[in-house]
Amino acid sequence: MKKYMAVWGALFFCVVCLSLYLMLETLNTSPGRYTDIDAESLAHFEQKVSDIQEDIKRNQIVIDQIKAAVKDIPKDDNQNIEKLQDLIDKQNAKLKFHKNKVIEMQQKPKQPVDVEKYVPATLKEIQLQNPPGKIPATGEEAFVSLRKPVPASKEMCSWVQTPSKKPDIQIEDVVKDLPFDNPDGGAWKQGWNVTYPAAKWNQGNKLRVFVVPHSHNDPGWVKTYDKYYTEQVRHILNNMLEKLEQHPKMKFMYAEISFFHIWWNELDESKKNRVRRLFEDGRLEIVTGGWVMNDEANTHYFAMLDQLLEGHQWLDGTLGVKPSSGWAIDPFGHTPTMAYLLRRSGFNSMLIQRVHYALKKHLAKNKQLEFMWRQNWDKEGNTDMLCHMMPFYSYDIPHTCGPEPAVCCQFDFRRLPGSSYSCPWHAAPKPITDSNVAERARLIIDQWKKKGSLYKSNSVFAPLGDDFRYDKADEWDLQYVNYQKIFDYLQQHPELGVEAQFGTLSDYFKSIYEESKVKPGEKPTDFPTLVGDFFTYADKDDHYWSGYFTSRPFQKNLDRVMESHLRAAEIIFSMALTVSRQQKALNNFPATVMMDRLIQARRNLGLFQHHDGITGTAKDFVVVDYGNRLLKSLEDTKHVIKDCATYLSLAGKENFRMGSNEQPALFDIDETREAHDALPVPKVIDVGEEGDDSRLVLLYNSLAHERDQVVSIHVSSPHVMVQDENNKPVLAQVAPVWEKDDIIAENVYKVSFRVTIPGLAISKYMVKRVAETSNSNTIPVSILVLNVQSDAPIERAPFSIQKTEARDFTLENPYMKATFRGANGLLNTVVTKEDGSIRSTKLDFVMYGTKNHNGDRSGAYLFLPDGSSRPLPDHTPPVIHVVKGPVVSEVQVYFNLVTHVVRLYNSSGVDGISLDIQNIVDIQSQRNMEVAVRITTDVENAEREFYTDLNGFHMQKHRYYDKLTLQGNFYPMPTMAFIEDSKHRVTVLSANSLGFANTQPGVMEVMLDRRLNQDDSRGLGQGVTDSKQTPSRFKLLFETRASGAYSPTNPLAFPSLLAHHTSLQLIHPVFTIPANTGHHSKYPQFSAFSPLATQLPCDTHMVNLRTNQNADDGKDRLVPKHSAALFLHRLGYDCNFVNKGLACSEGSGEVVLSNMFRNMQITVAQQVSLTLMYHEADLDTTGSIDLDPMEIGSYVVTLQ
Ligand SMILES: [Zn+2]
């Protein structure tokens, strides 16, 4: 009873405090109180108060939770009462802190931040000449104001604060404790001498062994996709059909639908029926069934899902086959994202293979190689996925029957003496005969039993395959006949305690579920739960596979560009198709042509997600093949976007025949690439002469949120005016385009202006040539050129270009001021204006060489550096351009190997809050060099704990360990990474996947490119020397945490909502669609198109709206279905940061279907599994969808 009084006393205190602060706050914001301070300072002050208000509100939520909890506590539950007391104490401490803060603010209003005093004195001497025009071009007087912050959703905050249940195994903790000492284990080199009790398995308790024939088929690696198909895969699958029929007890397992669908299309109807029979009889199983076996490190979840969807839709639509087991034997490290995607696709089990040998050994010792893999954000365990981890070095036959490769190799009957293959362990296989079967059987069952003793169940999974196996008919016979003799012998000798048979992966999992008497997908009682990821993979010694996080970065960038185009094209096509149906004018809309382009694009993008595609680990000519496919589809999707945007914004659609010869294209695509490995060249809009018509530009925002941002176009004259759709001139700036550091390009100028575009909308802008003397709203930039050697003047009207010697300088926007070093033009300090905090942030380019590590040097897979990073050699001080204008200011630095641009946008949107960094790296002249950008911050993370994302889906915590070596501390960064301390967080967001490490406290390194002159012995047979001019793009975000809201021990972290949107806008830029200036006939009327009745809430991202395809082998394959798949992702975010620059609402996970679109209706909606294979529920289209945090909701909708 006493304790209860204490609880209520404390609660009463909380409420009193709360009232007090609310009162103080009212006092503070009374009008007229601080008439002596300026508007900026007041805004800053108001912001602080509003932050505190938010904090108090959050405390109120916690108090409410406490109240609710108190009700349910039995009187004698002292333990829980103590917990509550603790909670209340913490809340009290927070409230006290706020009280003091408010009082302090009331007494001493904060002075405006004097950023000038942080500006080096030398800068003040630089006088930029004001060019003609209404608005001075220094960029600093014409600031826009930032949007009001969006409050955090209470529901999300309370969800994020709810602790997750502690799993049995947290991989981070295992990594922390393991010594990584790599002792020699004997026959099982990376393990130990496995023993088992002789009596463990006997007649009454048999070990059930499943020998599983499979063939691992890479869609491109040392041969191209097509060549693999014609030379090997076709034979493998043809043999499969013949031999499975010939050997009725044999089974086979296959994964890659990118190959399987080609083969299927070559079969006649009778063969197709025979294949169907094999599926029905469970003799042939498709595992995972994605288009490819995707890479798991560099891939974004959009593309992972899309390739899975493409495979499953093909399988289900063509064969009615629904795979249920995941199979990933070759990706170089594994992500829990895959477990999530498979689970939500209706799978019940999965298998992984390439995991660090020390982790495998640890899990094997504890019989934890089979576990329920759980998402780190899962509070209730409803994402648990049964996962089998293979225990040994590889997935080939020597490493799969048991721990001793010298023995297992003797049971690979393709290696029988006389064949072209052999065993490297000096013990050849022997054909099984009546006279040796007893001895041979005893030898292999010893291996099976040893393997079995590493797992909890009495079932053993023994894969029997390798890369491109079973391409010769005799291999089928050899494996079948010899194994079947052993199986038969074991059946006749039950005393050996083993029952063995051919099986598939699902047969094995079924056996496990039966043994533990649970339904498929449920947790066998003694299986542990596991949270974490399996990066960074090492297969032996210090051979960490962290090189491929960066290898072929040009293609990694092209991949992400392709993804954003495919997504944008899918969504706009689904909308345009709906409108064309409303118009009953399908003849005017070339739906099948576009569908064809989309299907090809889905498949080309899907193909590249393969674990030798996006990883950059294929041969040069295979990279060219992938590149050409991506380029073809990139252009195709650009055309789909352009044509659909034209159609949707066109008035009088009924008289317009799109794509017909007599109707030339009204619009052009925004940029072209000369080749798959060339940088894009933007389309230059020919604005003609003074008096000519305005040129139209359509802008398409593929995100379902309104965005304010700066957009740039290229035009033929600097004398232009930009107008919005109401013909109102908008403020713009015009800048020259540089061919080299001292040469300005002719007849091309970059015009930048601010736009506001609603979600999924197409806005219309016009650009018009005006007189040179015109006092238009388009302001020419001022340019300062530092370090240029030649005396020749650089001149170009109407720009002010001044040369000067090196000195420090600044760029500034409403949110921050950045200072740069004059000697090299690189970032030095950032001042965030709202709190006046000065953030030392030094940017440098660094490099690594390579040295021999146990016989290997860095190559496509491995990163084997020759020491810590060192400065990138650069002999002369680089030429620097400091470009200032009212819309965007930037610094351009021309190093020998890198061209580096940093921009600050004067924008009220998200792009105004981060530093924009763009690099072009060119190391074609170098040997064995890896280039990284190093960002040295003042973040105090002494333990070097940091977070990187997994597949753009969730964040994973890591820590730098010296015991892992430098290369073992690099992690994939598909979209972002951050480091933080109790006050600040610095997030680096990347436009494409690259390697990342937090090498020293406060120091982040992002790899940019790597050129390596040797093979690293993983089968590729070449180095990586096909370097290109490689673009990379980042946003650097500085955030200040609400005070008191830091928990360094929390293994779970989320990006802020602002970081999410910064990432989304970086990956999905606004598409510019310029008028085709070659088209001179009279333009039809165009108007803006804005389809959303309600913008999606800030925390809900539309992943895709993807029109469904008819059966792929039918005559209607290119006729789009009426239905589309809608995917919505509820972004989990950290509530302790201010959500600036956003134009969306806080949201609560609810999306009202009937109020989503304007002029389009969702008439049918079904909730389905992630790849549409299973129908889950019919939804009321007048109702709403409820999405839980972090989940991806999948729906089939019909739009009318
Ligand atoms: Zn492979």
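## Chat about helix packing and a buried aspartate

Biologist: Starting at the end of helix 11, what's the phi of Gly346 like, positive or negative?
Modeller: Positive, near 95°, and Gly346 follows helix 11. Keep in mind that this is a predicted model.

Biologist: And helix 11 itself, how many of its residues are buried?
Modeller: 7 of its 9 residues, so call the helix mostly covered. The buried ones are Pro336, Thr337, Met338, Ala339, Tyr340, Leu341 and Leu342.

Biologist: How do helix 10 and helix 11 cross?
Modeller: Helix 10 spans residues 301-319 and helix 11 spans 336-344; their axes come within 11 Å and cross at roughly 40°. The two are therefore oblique to each other. As for handedness, helix 10 passes helix 11 in a right-handed crossing.

Biologist: Which residues make that contact?
Modeller: Helix 10 brings Tyr301, Met304, Leu305 and Leu308, while helix 11 brings Thr337, Met338, Leu341 and Leu342. By class, that contact of helix 10 with helix 11 has 7 nonpolar residues, 1 polar and no charged.

Biologist: Any reason for that spacing in a helix?
Modeller: An α-helix has 3.6 residues a turn, so residues three or four places apart point the same way.

Biologist: OK, what about helix 8 against helix 10, what's the angle there?
Modeller: Roughly 30°, with the axes of helix 8 (residues 257-266) and helix 10 coming within 10 Å. That makes helix 8 roughly parallel to helix 10. Their crossing is left-handed.

Biologist: Who's touching whom?
Modeller: From helix 8 it's Ile257, Phe260, His261 and Trp264, and from helix 10 it's Gly311, Trp314, Leu315, Thr318 and Leu319. The contact of helix 8 with helix 10 splits into 6 nonpolar and 3 polar residues, with no charged ones.

Biologist: Switching topic: where does Asp916 sit?
Modeller: In strand 33, which covers residues 915-921.

Biologist: Is Asp916 buried or exposed?
Modeller: Buried: the relative accessible area of Asp916 is 0%, and buried means under 20%.

Biologist: So what does the side chain of Asp916 make a polar contact with?
Modeller: One partner is the side chain of Arg1033, at 2.5 Å. The side chain of Lys1035 is also joined to that of Asp916 by a polar contact, of 2.8 Å.

Biologist: What else is Asp916 in contact with, beyond its neighbours within four places in sequence?
Modeller: The full set is Val901, Val902, Arg903, Tyr905, Arg1033, Phe1034 and Lys1035.

Biologist: Now Ala406, where's that one?
Modeller: Ala406 is in helix 13, residues 405-408. With 27% relative accessibility, Ala406 counts as partly exposed. Setting aside residues up to four places away in sequence, Ala406 touches Trp425 and Ala427. The C-alpha atoms of Ala406 and Pro429 are separated by 10.0 Å, and those two residues lie 23 apart along the chain.

Biologist: And which residues of helix 16 are buried?
Modeller: In helix 16 (residues 505-515) they are Leu505, Ser506, Tyr508, Phe509, Ser511, Ile512 and Tyr513. Just after helix 16 there's Lys517, with a positive phi of about 55°.

Biologist: Last thing, the whole chain: how many helices and strands?
Modeller: 20 helices and 50 strands. Of the chain's 1200 residues, 64% count as buried. Taking contacts with a separation of 6 or more, 76% are between residues 24 or more positions apart.

Technical notes. Residues numbered from 1 in each chain as written. Predicted model: local features only at pLDDT ≥ 70, side-chain atom pairs only at ≥ 80, totals over all residues. Heavy atoms only, no water. Axes fitted to C-alpha atoms, helices over the stretch in contact; angles between N-to-C directions. Helix = DSSP H or I, 4+ residues; strand = E, 2+ residues; numbered from the N terminus. Parallel < 35°, antiparallel > 145°, perpendicular 65-115°, else oblique. Left-handed = near helix turned anticlockwise from the far one by under 90°. Contact = heavy atoms within 4.5 Å. Nonpolar A, V, L, I, M, F, W, Y, C, P; charged D, E, K, R; others polar. Buried < 20%, exposed > 50% of the residue type's maximum accessible area, 1.4 Å probe, protein only. Polar contact = N/O pair within 3.5 Å; in protein donor to acceptor, adjacent residues only side chain to side chain.
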